[in-house]
Amino acid sequence: MDSKKELLLALLQQDPFIGQQALAERLGLSRSAVAGHIAALTREGRILGRAYVLPQQAPVLCIGGANIDRKLRTLGALQMGSSNPAVMSESLGGVARNVAENLARLGLPTQLITAVGEDAAGQALLAQAAAVGLSTQGTLRAADAPTGSYTAVLDASGEMQLALAAMPLAERLDPEFLRRSCAQRQQARMIVLDLNLPAESIALLLREAQENPGRRLLAVAVSEAKMRHLPAQLQGLTTLLLNRGELAALLGHALPAHDPQQPLPALAPALAELHARGLPQLVLSLGEAGLICSEAGQAPQHLRAPAVPVCDVTGAGDALAAGVCAGLLQAEASLASACRLGLRLAALTVQSPHTVHPELSPALLQEQEDFTKPHA
């Protein structure tokens, strides 16, 4: 065994962005010798190129927003246009970041590409990611702008009434930046994007997905305002996760009145319209009424949510998305079975004051209760 080559590989695992000169100094080799070892490791398939991406490192790559979440919960009935007594909490958030943390806590190797400032909030986001085993290789770190923030106003029951997002750094995740992480995307089994990404970046990822049909590409909506980031034609996208308001914004017209007991008949035309635009799979969240999962050419299904006490709904949609992703990674899992796992994760999350439930673990994917089977 070539010990220097193995030591070099270990150094790359610790720091994929380390330069060849630094490697040479650490190993006591010439730079040309380091280049020779890197070329050999690349030929052997043990690294995939700059930034020295390692095979099987990340079956899931999440791309999108990371920010500080601030939640203000009123102590009584919310009165608009007036001051309301409230309690405040602060946590780490962002749709792509939340999905990635859920997946990492479930034990799935996961990478996150996002944008943070070189401030205390950005340092906290990166440190917490490392603590839960979430890789942030390739993340943009900006010295001239603050880390994004999301402020949610909740009523006394924990339901969100208003949210404000200040995330200008997400606009820097443009196609030119994303091209630097091409090697990471090539070795991912699944790519999850949130709609904080600029429209041009989403178009790039859709084109790549059409050229690599064996890789799943999932999109998670973040707000009605950002549905415009999706193109009219959705070829390349495998699965889209969104709620009723975001569906209406994407279609450009109002939806029929919501019937929580029988939601399918009224929504079937809207689902068919998105499938006609090239979307194979759709997951439509209905909040406490559960969700609708729909696949092109098949009858959609309405899955009910578990009845649980609600502490805070923040992060429930991201937990649902993570559960769907984790489920779809299981061998021979159907969209419906993946959605059942998503509903279980969302139910756990709404019972917790945390945006990501801190007690998620790989055991959830290994419990005797089989999430692939319908609940009685």
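Two strands count as paired if DSSP finds at least two bridges between them. With that in hand, welcome to a set of close-up views of a predicted model.

**Figure 1. Four strands make up an open sheet of mixed pairing.** Going across this sheet, the strands come in the order 3-2-7-8. Its edges are formed by strand 3 (86–93) and strand 8 (160–166), each of which pairs on one side only. On average, neighbouring strands here are turned by 15° against each other, direction ignored. Helix 5 (residues 120–131) lies across strand 2 (67–74) and strand 3. The angle between helix 5 and strand 3 is about 60°.

**Figure 2. Strand 7 pairs with strand 2 and with strand 8.** Follow strand 7 from one partner to the other. Strand 2 and strand 7 run parallel, joined by seven bridges; in this pair, R73 has L154 of strand 7 as its bridge partner. Strand 8, in contrast, pairs with strand 7 in the antiparallel sense, over six bridges. Two of the residue pairs to look for between strands 7 and 8 are A152 with its bridge partner A163 in strand 8, and S149 with its bridge partner A166, also in strand 8. The hairpin of strand 7 and strand 8 has five residues between the strands. Within this hairpin, take a look at G158, which adopts a positive phi near 95°.

**Figure 3. S149 sits in strand 7 (residues 148–154).** Is this serine buried or exposed? S149 has a relative accessibility of 18%, and buried means under 20%, so S149 counts as buried. Which residues does S149 contact once its neighbours within four places in sequence are left aside? They are N67, I68, R70, L164, A165, A166 and M167. One of these, A166, is also the bridge partner of S149 in strand 8.

**Figure 4. An open sheet of eight strands also has mixed pairing.** The order to trace is 4-1-9-10-11-12-13-14. Strand 4 (110–113) and strand 14 (301–303) are at the edges; each has a single partner strand, so one side of each is left without a neighbour in the sheet. Here the average turn between neighbouring strands is 20°, again with direction ignored. Strand 1 (residues 60–63) and strand 9 (residues 190–194) are parallel partners, paired over four bridges. A handy landmark in this pair is C62, whose bridge partner in strand 9 is V192. Helix 8 (residues 199–211) lies across strand 1, strand 9 and strand 10 (216–220). With respect to strand 10, helix 8 runs at about 155°.

**Figure 5. Helix 3 spans residues 31–43.** This helix has 13 residues. From the first C-alpha to the last, helix 3 reaches 18 Å, close to the 18 Å expected at 1.5 Å a residue. Which residues of helix 3 are buried? They are V34, H37, I38, A40 and L41. Viewed down the axis of helix 3, these buried residues fall within an arc of 160°, so they line one face of the helix. Turn to the other side of helix 3 and you will find S32 and R43, which are exposed.

**Figure 6. R97, a residue of helix 4 (residues 95–105), makes a side-chain polar contact.** The relative accessibility of R97 is 3%, so this arginine counts as buried. What does the side chain of R97 make a polar contact with? The partner is the side chain of Q128, at 3.2 Å. Leaving out neighbours within four places in sequence, the residues in contact with R97 are G65, A66, L92, L112, L125, Q128 and V356. Q128 therefore appears here as a contact of R97 as well as its polar partner, under a rule that takes N or O atoms within 3.5 Å as a polar contact.

**Figure 7. L345 is a buried residue of helix 12 (residues 335–350).** The relative accessible area of L345 is 1%; buried means under 20%, so L345 counts as buried. Not counting residues up to four places away in sequence, L345 touches L106, A319, G323, L360 and L364. For a sense of scale, look across to S135, which is 210 residues apart from L345 along the chain. The C-alpha atoms of L345 and S135 are separated by 22 Å.

How values were computed:
Residues numbered from 1 in each chain as written. Predicted model: local features only at pLDDT ≥ 70, side-chain atom pairs only at ≥ 80, totals over all residues. Heavy atoms only, no water. Buried < 20%, exposed > 50% of the residue type's maximum accessible area, 1.4 Å probe, protein only. Contact = heavy atoms within 4.5 Å. Expected span 1.5 Å × (residues − 1). Arc of directions from axis to C-beta. Polar contact = N/O pair within 3.5 Å; in protein donor to acceptor, adjacent residues only side chain to side chain. Axes fitted to C-alpha atoms, helices over the stretch in contact; angles between N-to-C directions.
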